[in-house]
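The following report treats a helix, a metal site and the cysteines of one structure. Please consult the sequence and coordinates alongside the text.

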Amino acid sequence: MPYTAEKPTPRETPEQLRARIPGWGADLDPADRPSYPKEQFLPTGAHWDFPERQVEKWPRERSIEHAFVTPVFGTSTPPKGLSGVIRKYAYRRFSEARAAHWLLLIAADRVDTAESAVTALLRGKPDNPVTETGILAESSPVADRVGQQRADAGHHALDPVIVAAPWVIGGGLAFSAVRALVRRRRG
Amino acid sequence: MRAMVYRGPYRVRVEEKDVPPIEHPNDAIVRVTAAAICGSDLHLYHGLMPDTRVGMTFGHEFIGVVEEVGSSVQNLKRGDRVMVPFNIFCGSCYFCTRGLYANCHNVNPNATAVGGIYGYSHTAGGYDGGQAEFVRVPFADVGPTIIPDWMSDEDAVMLTDALPTGYFGAQLGEIAEGDTVVVFGAGPIGLYAAKSSWLMGAGRVIVIDHLEYRLEKARTFAHAETYNFTEYDDIVVHLKKITDHLGADVAIDAVGAEADGNLLQHVTATKLKLQGGSPIALNWAIDSVRKAGTISVMGAYGPMFSAVKFGDAMNKGLTLRMNQCHVKRQWPRLFEHIQAGYLNPSDIVTHRIPLEHIAEGYHLFSAKLDECIKPIIIPTAS
Ligand SMILES: [Zn+2]
Ligand SMILES: [Zn+2]
């Protein structure tokens, strides 16, 4: 009880624990645990003081908290289209400390999804919502799943709204942009 | 080559992509023989992590065979069977030379707060991951290790993130002999953290989750005492009651950004992306641990702010410890524990899925269908 000085009595003795759990206490000594001490030099295999620099094939966006583009970096998906413009702006203008940085990047992610759906369609490799969402996994042993616990049930009702929202908003913005352009031409 | 590709929230597909080239003299190209989907991949899959670009290949847990090495690579050669830690790290910067491999400063131009991680958005450096036939592995002399002959492929995949992270979670808890440890989350990390807590001398290990099949695994695999938080009006009060109203000595958050349990938190974080993650598990940890106790955070959170109960943490004098795991520092000891039979990492693998069916794999894992705990992706099985 915390209301008096004594510690609660342990439920099991070390002997009981050792008998019940394989390896109990094998790492009992904190000073003998891996990663102790937290900061220490261990040979890493690096044979350089500063790594040779990877060739930058396009201007690599970087956090303004960095002095320069790091010597090695990923080249997975270069920024492109409108989402690319937003991403580059988010990196150029705001540090990681600013919410605007992350909110712009998330907005760019949603724009990217819409843009990519359109380009995939134009390239003849359209998105297939049935195969890509993996819902075919629902169909295999359906009967077995009746009454089964699942993690997504709590927010099923919200999901369509969230998935459709970027499309509705994007469509609305595109429509009003086109309308504004047309009106300006006429005016 | 065939590779998993992200198409937008809740959508992935398999596409034909170019085999990645050597881009740096210390690169290797690895032919993937097995990869895993991680709980933290679901944050990407759900569109929660900023700068997750359409076309990226995910996957930071993989093993394979060296296909090609760059001109400066000395420690690996074509044909070596290797395991690759999820951290990409240079081995020579301020942080790497102090053993903080997860915090390497030379591999992620996109952010200074995050290290380099395979297939984990541009926020973690923009590297393609291993849910593909081939993957580029930077700093081949530093990260990968040859898999010992006695080790199985599935144990090796679990050693690239999940097992070391769970073990590291227990370690950051600074468990003293006889301590009561409460682990939030009975996913792979939570199961390994619970199991590792015993190795460090815990006197009592409690696991909290809401999925009964996972709690069952926590009882059998990790010998833990378990409680389903949906069965209690207030899990914090329950935890106090079963610990003499003192609270646990150590709490481990093995849930992270997408915790269920509070609809407001879930909607603002997972759905509206207004938080860096919904910190329900972390807040439960703060409130249920004893005063002057320790909290170890292994759950992944986004770079945005989260509504964490810092006032309680301060008033209680808690120690909060956290980091991404420096995977390679854990390996020698974990190899010993596996050989001694203390840890059987592949016991939690529930699904083996060909790469061609990865969309179903993500859905299954995301919705926790068919008692899924850990799915493995086999690139060559299709
Ligand atoms: Zn992982
Ligand atoms: Zn480094």
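## Helix H11 of chain B

In this predicted model, helix H11 of chain B spans residues 358-367 and is mostly covered, with 10 of its 10 residues buried. Helices (H or I, at least four residues) and strands (E, at least two) are DSSP runs numbered from the N terminus; buried denotes under 20% relative accessible area, exposed over 50%, and partly exposed in between (1.4 Å probe, protein chains only). Among the buried residues of H11(B) are B:Glu360, B:Tyr362, B:His363 and B:Phe365. Just after H11(B), B:Lys368 adopts a positive phi of about 55 degrees.

## Zinc site

The zinc ion (ligand 2) has as protein donors the SG atoms of B:Cys90, B:Cys93, B:Cys96 and B:Cys104, at 2.3 to 2.4 Å. Donors are N, O and S atoms within 2.8 Å of the metal (3.2 Å for Na, K and Ca); water is not among the atoms, so sites may look incomplete. Along the chain, the donors of this zinc ion follow the spacing C-x2-C-x2-C-x7-C.

The arrangement is tetrahedral because the 4 donor atoms subtend angles of 102 to 116 degrees; for four donors, the class requires all angles to lie between 85 and 135 degrees. B:Cys90 and B:Cys93 are buried, and B:Cys96 is buried with a relative accessible area of 0%.

## Cysteines and disulfides

Over all chains, a search of the whole structure finds 0 disulfides, a disulfide being a pair of cysteine sulfur atoms within 2.5 Å. B:Cys372 is in no disulfide, and the nearest cysteine sulfur, that of B:Cys38, is 12 Å away. B:Cys372 counts as buried because its relative accessibility is 0%.

## Conventions

Residues are numbered from 1 along each chain as its sequence is written, while chains are lettered from A and ligands numbered from 1 in the order in which they are written. In this predicted model, local features need pLDDT of at least 70, side-chain atom pairs count only at pLDDT 80 or more, and totals for chains, interfaces and linings use all residues; side-chain values use heavy atoms, with hydrogens and water left out.

Terms used. Four donors count as tetrahedral if all angles lie between 85 and 135 degrees; four count as square planar and six as octahedral if opposite donors are over 155 degrees apart and all others between 65 and 115; anything else is irregular.
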